[in-house]
Amino acid sequence: MVYGEFLYKAGPWPYERRVVCKVEKPENQMVYMYTFIVTNMDSSPEYIVKFYCKRGLMENFIKESKSGFNFSAVSSHSRIVNANRVQVHALAYNIFNWFRRIVLSAKMRKQRIDTVRLKVLKIAAKVVHSARYITFKLCSSCPYKEEFHDTLSEIGKLNVQLE
């Protein structure tokens with residue numbers, strides 16, 4: 001990775017602004033990836049890129065909480081009702097993140113709640129009870145069988161202790 005900076009003035013801008021850039025070539029790829037950030041911060045280019053990446057990550061968490069857990073729904077005129085609703089949604093978001101970290105496979109951990117819902121939770125299955133086992137019978141054409149079985153296997157490995 002190479003970091004750099006330069007001054008740039010776009011057409012409608014009244015003055016030049018600082019642009020920080022990062023150039024990287026990911027392994028096993030032939031093209032370079034460029035990142036440009038227009039900023040007024042007085043820090044090193046490396047710090048600014050890391051700062052904005054963390055900010056973008058946080059904005060993605062907020063976006064996921066709004067779309068996946070309906071954080072933005074405030075349906076009452078009462079502040080207390082709306083505050084309680086947001087707290088319940090935050091609890092659901094935290095429980096999902098624990099679920100994500102503990103039982104989802106490495107390739108599914110970075111996926112958003114909508115994708116996890118589609119691949120793991122919204123699956124039509126027939127539940128068969130026998131004397132010793134509970135079996136989930138999935139449709140033969142289910143595209144997410146592997147993800148479902150991997151997640152179920154990880155859940156089975158959990159050592160739950162109730163006090």
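**Exercise 1. Describe the sheet, its edges and the pairing of its strands.**

Solution. The sheet is open and consists of 3 strands in the order β1-β2-β3, with antiparallel pairing; strands, like helices, are DSSP runs numbered from the N terminus, with at least two residues (E) for a strand and at least four (H or I) for a helix. This is a predicted model, in which local features need pLDDT of at least 70 and side-chain atom pairs count only at pLDDT 80 or more, while totals for chains, interfaces and linings use all residues. Residues are numbered from 1 along each chain as its sequence is written, and side-chain values use heavy atoms, with hydrogens and water left out.

The next step is to look at the edges, where β1 (2-8) and β3 (33-39) each have a single partner strand, so one side of each is left without a neighbour in the sheet. From one strand to the next, the twist averages 25 degrees, the angles being taken between N-to-C directions on a scale from 0 to 180 degrees, with axes as lines fitted to C-alpha atoms, for helices over the stretch in contact.

Finally, consider one pair: strand β2 (residues 17-24) and β3 are joined in the antiparallel sense over 7 bridges, where two strands count as paired if DSSP finds at least two bridges between them. Within this part of the model, K22 stands opposite T35 in β3.

**Exercise 2. Characterise N28 and Y32 in the loop between β2 and β3.**

Solution. Begin with N28, which lies in the loop between β2 and β3 and has a phi near 65 degrees, a positive value in a residue other than glycine. N28 counts as exposed, at 77% relative accessibility; exposed means over 50% relative accessible area, buried under 20%, and partly exposed in between, with a 1.4 Å probe and protein chains only.

Turn then to Y32, also found in the loop between β2 and β3, which is partly exposed with a relative accessible area of 47%. If residues up to four places away in sequence are not counted, Y32 touches V23, E24 and K25, contact meaning heavy atoms within 4.5 Å. Although Y32 and M1 are 31 residues apart along the chain, their C-alpha atoms are separated by 9.9 Å.

**Exercise 3. Work out how helix α1 packs against helix α3, and place E64 in that picture.**

Solution. Helix α1 (residues 45-69) and helix α3 (residues 113-121) have axes 9 Å apart and pack at an angle of about 45 degrees. That angle makes α1 oblique to α3, since angles under 35 degrees count as roughly parallel, over 145 as roughly antiparallel, 65 to 115 as roughly perpendicular and the rest as oblique.

The residues making the contact are E64, S67, G68 and F69 of α1, together with I113, D114 and R117 of α3. E64, in helix α1, is buried, with a relative accessible area of 4%. Leaving aside neighbours within four places in sequence, E64 is in contact with F69, Y93, F96, R100, Q111, R112 and I113.

**Exercise 4. Determine how many disulfides the structure has, and examine C53 and C139.**

Solution. A search of the whole structure finds 0 disulfides, a disulfide being a pair of cysteine sulfur atoms within 2.5 Å. For C53, the closest cysteine sulfur is in C21, 13 Å away and too far for a bond. For C139, the closest cysteine sulfur is in C142, at 6.9 Å, again too far for a bond. C53 counts as partly exposed at 46% relative accessibility, and C139 counts as partly exposed at 43%.
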